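The following exercises are to be worked with the sequence and the model side by side. Each task is followed by a solution in steps.

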Amino acid sequence: MKNLSAGILSVFAALAFVLVPQRSCFGSEGPAMPADKGESPVVALVLSGGGAKGAAHVGAIKYLESLGYDFDMVVGTSMGSIIGGLYSLGYTGTEIDSLIKAQDWSVLMNDRTPRKYLSYASKKYREKYLLSISFDFKDRLDTLIGVANQDSPVIGDAFFRTLPSGLVAGQNIFNLFTGLSVGYQDSLDFNTLPIPFACVATDLVTGDEIVFHEGHFPTAVRASMAIPVFFAPVRSGDRVLVDGGTLNNYPVDVAKKMGADIIIGVDVSGEKSDYSEINNIADILGSVISLMGDTKYQGNVDDTDIYIRPQLSGYGTMSFDDASIDTIVDRGYRAAKLKEKELKEMLADIRRAKGYSENYSGGQRLNAPPAVNLYSDSIMLASVRIHGVNKAERAWLKKNIELPLYQNITSDDIDAAISSIYSTEAFSSVTYELVGKTSPYEMRIFCTKGNAHKLGLGARFDTEEVAAVLLNAGFNSKKLTGSKYDLTLRLSMNPYFRFDYSYMAPKIPRLNFSLGLYSESADIISNGKKGADLKFYKFDVSAFISNISFKNIDMQLGVRTDGFYIRSFLTSSDIVGNYDITQNLNSYLSAFASFRVDNLDDAYFPKRGFTAGLDYSYYFTGFYKSFNPFHSVSFDARVAVPLSRIFTLIPSLYGRFLFGNNIPFPYMNVMGGLEPGRYFDQQFAFVGTQDLNVFRNYLTAVRCDLRANVYGNHYLSLMVNYARDCERLKYYLNGDGYIGAGLEYSFKSMIGPISGSVFWSNYTKNVGVYVSIGYYF
């Protein structure tokens, strides 16, 4: 390889005395093609695929820049297309280094919308379900029931045919790349980029290698890194495109066909993975892709003039944590530096061949202005067009996003708009492009309709109820407007079934109807001692309106009837409070209003934000047995205050007031356990007690948690709370009140929080232990 390169360079050196190329920084008006072979040696940078290991490309680029290399083209596959694509847009190695280290890769490698953009209902759904799968029947009744004709697919076929084509749709990483390529999002010739560029994908339909030299730049890069099964493929025309590494993971031959004379290559693929490096589905798929691309691989290595091979043992396709990225970038730099002698000799030969003087300092020159970085610069919009929706949907979406025209906006404004649309769950993807060379740009938002229905699965274990499973089927629940139906079943010691219906239209509040059936059993603690064994059946039916306009707020107004059948109530002592314990079979009609707000950054481990609620109910008649009408007012507030990178202070306040006499005991004030609402909707949590503890008509409590993020996803919390209750407000300050404290260890896992706590209170005067695994529901 060296002899061939030296021969080519000697020819170019002789020609340099006659013809010296004049390449301006921003090129001419016509397409900027790679330099002609008859004028000077064409130097290409080739970057392989390799997932997180591709961060080594950045380190290598930084070292090549320090030597003064000037590349005529960049060619990449998969992660190499991402890094190479950014470099071809005019970003320097240092800028790319800052970009990849600033990203939250856990967000980029999935489609989850940041919590702050979710609707209130979506937040609550995410807090309960471990797994959610969307599906559809294409809205055809004959497909649903499979009886229209013999060829009509049955429900199973229709279901599996509409399952996602990848674990991750690639929504977040596509939109990131869009924000980094502003000014180059029209359909264009990639030779007109600041540095000519090409990337490789594979067409699953034909099995052919597809080399992108033109088209929509972000889409080409997204197709090149679509790891099969992990990322959904990119559909373009009649093509189904996946990661180019399946056929050509180190595309030196592509650069050669484009006219490259000299190849500087950085390869993070090809090497067989060690046992310790194959840990997850992405690592497995990365290894499979590497094996599939072996056909061309060795020939491409042989055709590389200077071959840079970072030593990356111990790192895998998904090593995107901060420490790993730092190390991988550094190893890329070191690997390039090990080739210092060869690189300097090659650079000197190139400069002589191009006729540069000995004093020429070098450096990468660009054929066109660099791309606008939306994440550091503001832009203006001339128009906003939403595609893939009907007229009514378009009007509703435009009303709910804030993208002013001819005013400076930033990436935060665009991310908020895109995330707000995506969080409606009506679309499988929401992407955008900014068309035009300079600001103001035309913004085009592309909404792809997703499956209409979803299945949800939740599972948990704790030392109070042992195990519980939550199943949900939502029909039309992912549609933007119209009727939605939800069926929810909880299997546990205290099972329940719920049916929820809602109707959504653009200009009116959401209309709701719900039905719930419950079976509950609990030990009741009164005055710190066991007071009763309680077993009952309950149903509730409600009709109400709710808001649809605010992301962090949920407001409801309606009527409800609750029915209770007390099947066992064995008392061993008096129950505190002014409660009517004779109400063992009755149905209570009430009017209610509620207001809740939640902008915490995390439901279980918040570091900032707050949540608050206010609920009012007026119970005025019973269907089977009369009772004195009464009012119920409950409130709660919780705020997360970051004290440092490690410590977060989380104070909270909650209480419930009952106004009336001889209140039916199903509505008594109760508190206990670390999770609210376990046995009764009105149940508050209280550190230091575990069972259902009865309190008087007026109940208030304050709590303060000091949480330390001790390492990674490990947390340690000190919890202290204090409560008071009374029969009448004038007696509120009588007595000492109740205090409880606890220490909790938690681990933030993929299946939800894993926690263990020890606690004590002066109410029960006992030490308790509680363990839970999974999301709470």
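**Exercise 1: The surroundings of Leu692**

Beyond its neighbours within four places in sequence, Leu692 is in contact with Ala522, Asp523, Ile524, Ile525, Val670, Met671, Tyr679, Phe680 and Gln683. The model is a predicted one.

Task: State in which strand Leu692 lies, and decide whether Leu692 counts as buried or exposed.

Solution.
1. Locate the residue: Leu692 belongs to strand β29, which covers residues 692-695.
2. Apply the cut-off: a residue is buried when its relative accessible area is under 20%.
3. Compare: Leu692 has 0% relative accessibility and therefore counts as buried.
4. Relate sequence to space: Leu534 is 158 residues away from Leu692 in sequence, yet their C-alpha atoms are 9.9 Å apart.

**Exercise 2: Ser594**

Task: Determine whether Ser594 is buried or exposed, and list which residues Ser594 touches, not counting those up to four places away in sequence.

Solution.
1. Ser594 is part of strand β23, residues 585-598.
2. Its relative accessible area is 12%, so Ser594 is buried.
3. Not counting residues up to four places away in sequence, Ser594 touches Asp554, Met555, Gln556, Leu614 and Asp615.

**Exercise 3: The packing of α2 and α4**

Task: Describe how helix α2 and helix α4 pack, giving the angle and the distance between their axes.

Solution.
1. Two packed helices are described by the angle between their axes and the distance between the axes.
2. For α2 (residues 56-67) and α4 (residues 93-102), the angle is about 160° and the axes are 8 Å apart.
3. Angles over 145 degrees count as roughly antiparallel, so α2 is roughly antiparallel to α4.
4. The crossing of α2 past α4 is left-handed.
5. On the α2 side, the residues in the contact are Val58, Ile61, Lys62 and Glu65; on the α4 side, they are Gly93, Thr94, Ile96, Asp97 and Ile100.
6. Sorted by character, the residues of this contact comprise 4 nonpolar, 2 polar and 3 charged.

**Exercise 4: Burial in α9 and in the whole protein**

Task: Establish how many residues of helix α9 are buried, and what percentage of the protein's residues is buried.

Solution.
1. Helix α9 spans residues 171-180, and 10 of its 10 residues are buried.
2. Among them are Ile173, Phe174, Leu176 and Phe177, as well as Gln171 and Asn172.
3. In the protein, with its 777 residues, buried residues make up 53%.
4. The protein exposes about 34,000 Å², of which carbon and sulfur atoms supply 58%.

Definitions and conventions:
Residues are numbered from 1 along each chain as its sequence is written. This is a predicted model: local features need pLDDT of at least 70, side-chain atom pairs count only at pLDDT 80 or more; totals for chains, interfaces and linings use all residues. Side-chain values use heavy atoms; hydrogens and water are left out. Buried means under 20% relative accessible area, exposed over 50%, partly exposed in between (1.4 Å probe, protein chains only). Accessible areas come from the Shrake-Rupley method with a 1.4 Å probe; for residues, only the protein chains shown count as cover. Axes are lines fitted to C-alpha atoms, for helices over the stretch in contact, and angles run from 0 to 180 degrees between N-to-C directions. Helices (H or I, at least four residues) and strands (E, at least two) are DSSP runs, numbered from the N terminus. Angles under 35 degrees count as roughly parallel, over 145 as roughly antiparallel, 65 to 115 as roughly perpendicular and the rest as oblique. A crossing is left-handed if the near helix is turned anticlockwise from the far one by less than a right angle, and right-handed if clockwise. Contact means heavy atoms within 4.5 Å. Ala, Val, Leu, Ile, Met, Phe, Trp, Tyr, Cys and Pro count as nonpolar, Asp, Glu, Lys and Arg as charged, and the others, Gly among them, as polar.
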